[in-house]
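The following note sets out numbered remarks for a colleague who is examining the sequence and the coordinates side by side. Each remark takes up one part of the assembly.

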Amino acid sequence: MTFKELIAVMFACVLANNFVLSNFMGIESVGSDISKSWRSMAFRGLYVTLAVVASCAITWPLDAYVLVGAAASLRILVFAVVVMAVSAAAGLLFKKDGSSFDLPVMLNSAVLGACLLNVSNGYTFLAGLFCALGVGLGYMLVTFIMAGVMGRINMKNVPKAWRGVPITVAAIAIVSMVLAAF
Amino acid sequence: MENNNLKAFLSNNPVMILFLAACPALAATTNVVAGLVMAAAVFCILVLSSLVMALLGKVSSSYVRLPLAVVVTAGFASMANMLIAAFVPNASSMLGVYVAVCAMNAMIVLKGAVASDGGVGESLKSAVVSGLEFALLVVVMAIVREVLGLGTFAGMKLSFMSTLVVPVLAKTSGSFIVFSILLAVSNCFKKEAK
Amino acid sequence: MANNKTIQALLLVAVFVVMAALVLVLNIFTAPLIEANAQGAELEPLYGVMPEASGFEKLELDGVPETVSSVWKENGGLGYVVRCATNKGFTGDYIELTVAITVDGKISGISLDSYPETKDFGQDTYPATFMGQDSTLAGTSIVAGVTYSSSAFRNAVADAFEALISNGLIKAGVKEPSQVISEMLPVVFKTAANPAGIAQISEFSSAVAGVKGAWKTNNGIGVAYWYENGDDYLVIFNSSLSYKVFDLESNDVTSSFDAAVAESLSSEAAGKMSKVASKDKRKVAKLVSEDSVLEQISVDGVFNSVATVFRADSASGTYYCFTCRPYGFSNETMVIYVVLDSNGLIYTFNADELIIEAEYFSAYTLEPTSYKAGFVGLGPSWSGDEAVISGATMTSQAVRCAIDDAFEAFGAVAGGNN
């Protein structure tokens, strides 16, 4: 694939096939505890991007060269272990910066989803990495948007039944309609 | 990653539990059959992994429980994926990669991690209850989205729906809309139960 | 002991191994089922066109046209199923189809699997016209107004036959002379064909004996006849009444053709040509210097979009003015003027109307003055890029065609001693 095509794949993962809003992966981490601090949002996004790129970098060759034949059935197990290890390691890296992440962020299904989709879509190694980068950037984009949106919602004005999670999901619904235009 | 924090995390916000399993709920509900299969899959994976984690509860220490839960869940998710691909191929093509992604599903993994605390019976009961709640949520979502969004039921066209169809419900934004409404509804029930 | 880190790590590994083992064991049971499901999904469209089949075997063939995706043989000897995908339609996205062909070489089933085109060629009706056809596809035609999509479909079906015939699996059908003639026409007679190779002709009835079909080209500068006197011939005339004769194998048999017959065809053809000479002369006179003397010369042996040729002698030199009438957007005839100097390089370029129906069409970029000036000085080895008008592909193709035809005609004219 040419460089242009790789960038196109990346942008596709950011906008048109945004993992959070179109593929529904990583919703949990976006929806829970959206902090209003830009710094922590940025770190969260960076963490996820790092985790997904590193995971894809490791899982793609694993799938191509190690998990052949019957062992291909072990793909999900092995990928999950790799993703877990990478997320934990990346989490340690960020701990030094003083930010710790909620569990839903660390158990981000977007990371595993990206790794699995790279393989099932038949992407080359480079295309997979660029897609992963796009996933991370898309995740960051959504987090920032949601932080902005939720910051404007005063929970006291929200009906009791809708407070917390439901209103967040409704807000995500509206944001997803915007991105669906792509 | 103290278990107390986990427990508090899960119980303070009851709707959160359902939200943590948002991914499969949103993705698998454009068709009633797919929704049923996904609900069954999530239920089985949840119950089995909670069971296994509860059995391992005595031997595992607190900081290995999360990785352990991931491994166990991933194993059962793989098995569920294979069984669906073998026996329900129509559903398998509709569900795609989402059953596999259940391996890292926050709800299942966290419930597994917490399960090792309590006894087998208690964890099993908690898993079954959550699983059924989630299954109900998914099936209702699937019915609403398919009947109102596409005008079909499990793939069969419903003639009386042809003019009443609301296409957005079948799309991604529609899934969020329905999900948020159902979450709010279940919030009502939980508040009443309290 | 539960807190011992090594024990915990071992526990983790042990659980991993146990889960992995369980997965692998389950895989042994489910893998064959999954494989069977996948195969069933692949075979489904094949049964769709040949429901009575007992099973299929995929064939690996050589020399298969690129539109053919797969060829399958039916196990009970009923015939073959070919799956094709062509992107030669209007949009460039893939039109997919599956066709069942019996061992006699006739179509017994056909289905349109994917149709991404903007205009409907009759998705429910057009494929049905191919039922029962043999490899000549004699009973089928192209849908008017949706020519690109329907010819892409038709060519894909022809390719499906080609794949089977070239591998000796079925025999080719025998084409009727009428079909051979109509297929040969746009190939040998460029005047009649648009840039996509589709004939732009209208039929008239000929008074000459032995003529089975007579057509004039839509741009008014060519006439073609299907003449039969025991053997079948295609006779083509250009605007200078120069002619060529072809037999059914596309051989040039002009020299052996009966001159008297040619004479009677020629005088009838003359009456069918559009009288464009004086109009063209007026137009090209404006393109050369005022003192030029214009003399019309005939174009022998040139059968393309060139309608008239004038030699312009002036004090500044000799120029050759070619008026071309290629088919542009919506197959409308465009009038394009190409003036070459005595070395065969472009001196000036002009056109009557570059963008047809300009009041309805605006999705193009064109700066007329610089566009026309961009052709000056080009020779026969030009790349063709100067003709491109962004957003107006068919017009660009027509302009390119016109200029190439002018160069070709110059070669014929300048070579002689006109």
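1. In this predicted model, a convenient place to begin is W226 of chain C: W226(C) stands opposite L234(C) in β9(C). The two strands concerned, β8(C) and β9(C), are paired in the antiparallel sense over seven bridges. They form a hairpin with three residues between the strands, and G230(C) takes a positive phi near 105° there. As for burial, β8(C) is mostly covered, six of its seven residues being buried.

2. On its other pairing, β8(C) is joined to β7(C) by five bridges, and these two strands also run antiparallel. A214(C) has Y225(C) in β8(C) as its bridge partner. This pair of strands is again a hairpin, here with four residues between them. In its turn, G220(C) has a positive phi of about 75°.

3. The strand β7(C), residues 211–217, is further linked to β6(C) by three bridges, with the two strands antiparallel. Within this pairing, K216(C) of β7(C) is the bridge partner of S202(C).

4. Taken together, these strands belong to an open sheet of five, ordered β6-β7-β8-β9-β10 in chain C, with antiparallel pairing. Its edges are β6 (201–203) and β10 (243–247) of chain C, each of which pairs on one side only. On average, and with direction ignored, neighbouring strands of the sheet are turned by 20° against each other.

5. Which helices lie across β7, β8, β9 and β10 of chain C? One is α3 of chain C, residues 177–188, which runs at about 30° to β9(C). The other helix to note is α4 of chain C, residues 259–272, which runs at about 145° to β8(C). The strands crossed by α3(C) include β8 (222–228) and β9 (232–238).

6. Chain A has a secondary structure of eight helices and zero strands. Read from the N terminus, its elements therefore follow the order α-α-α-α-α-α-α-α, each helix and strand being a DSSP run numbered from that end. Of its 182 residues, 51% are buried. Among contacts in chain A with a separation of 6 or more, 83% are between residues 24 or more positions apart.

7. Within chain A, the packing of α3 (residues 38–66) and α7 (residues 125–151) deserves attention. The axes of these two helices come within 9 Å and cross at roughly 160°. Since angles over 145 degrees count as roughly antiparallel, that crossing angle makes α3(A) roughly antiparallel to α7(A). The crossing of α3(A) and α7(A) is right-handed. In the contact of α3(A) with α7(A), the residues divide into 17 nonpolar, five polar and one charged.

8. How many residues of chain A are in contact with chain B? There are 37, and they meet 39 residues of chain B. On the chain A side, α2 (27–31), α4 (75–95), α5 (103–106), α6 (109–120) and α8 (165–180) each supply at least two residues. The largest share, nine residues, comes from α8(A). By residue class, the side of chain A that touches chain B has 26 nonpolar, nine polar and two charged residues.

9. Chain B is also in contact with chain C: 16 residues of chain C are in contact with 16 residues of chain B. The side of chain C that touches chain B holds 11 nonpolar residues, five polar residues and no charged residues.

10. Inside chain B, I45(B) offers a local point of inspection. I45(B) lies in helix α4 of chain B, residues 32–55. Is I45(B) buried or exposed? I45(B) counts as buried because it has 29 C-beta neighbours inside 10 Å, where 20 or more are needed. Leaving aside neighbours within four places in sequence, the contacts of I45(B) are T73(B), F76(B), A77(B), A80(B), C102(B) and I108(B). Of these, I108(B) is 63 residues from I45(B) in sequence, while the C-alpha atoms of the two residues are 7.6 Å apart in space.

Terms used:
Residues are numbered from 1 along each chain as its sequence is written. Chains are lettered from A and ligands numbered from 1 in the order in which they are written. This is a predicted model: local features need pLDDT of at least 70, side-chain atom pairs count only at pLDDT 80 or more; totals for chains, interfaces and linings use all residues. Two strands pair if DSSP finds at least two bridges between them. Axes are lines fitted to C-alpha atoms, for helices over the stretch in contact, and angles run from 0 to 180 degrees between N-to-C directions. Two residues are in contact if their C-beta atoms, placed from the backbone, lie within 7 Å. Ala, Val, Leu, Ile, Met, Phe, Trp, Tyr, Cys and Pro count as nonpolar, Asp, Glu, Lys and Arg as charged, and the others, Gly among them, as polar. Angles under 35 degrees count as roughly parallel, over 145 as roughly antiparallel, 65 to 115 as roughly perpendicular and the rest as oblique. A crossing is left-handed if the near helix is turned anticlockwise from the far one by less than a right angle, and right-handed if clockwise. A residue is buried if 20 or more other C-beta atoms lie within 10 Å of its own, exposed if 12 or fewer, and partly exposed in between; C-beta atoms are placed from the backbone.
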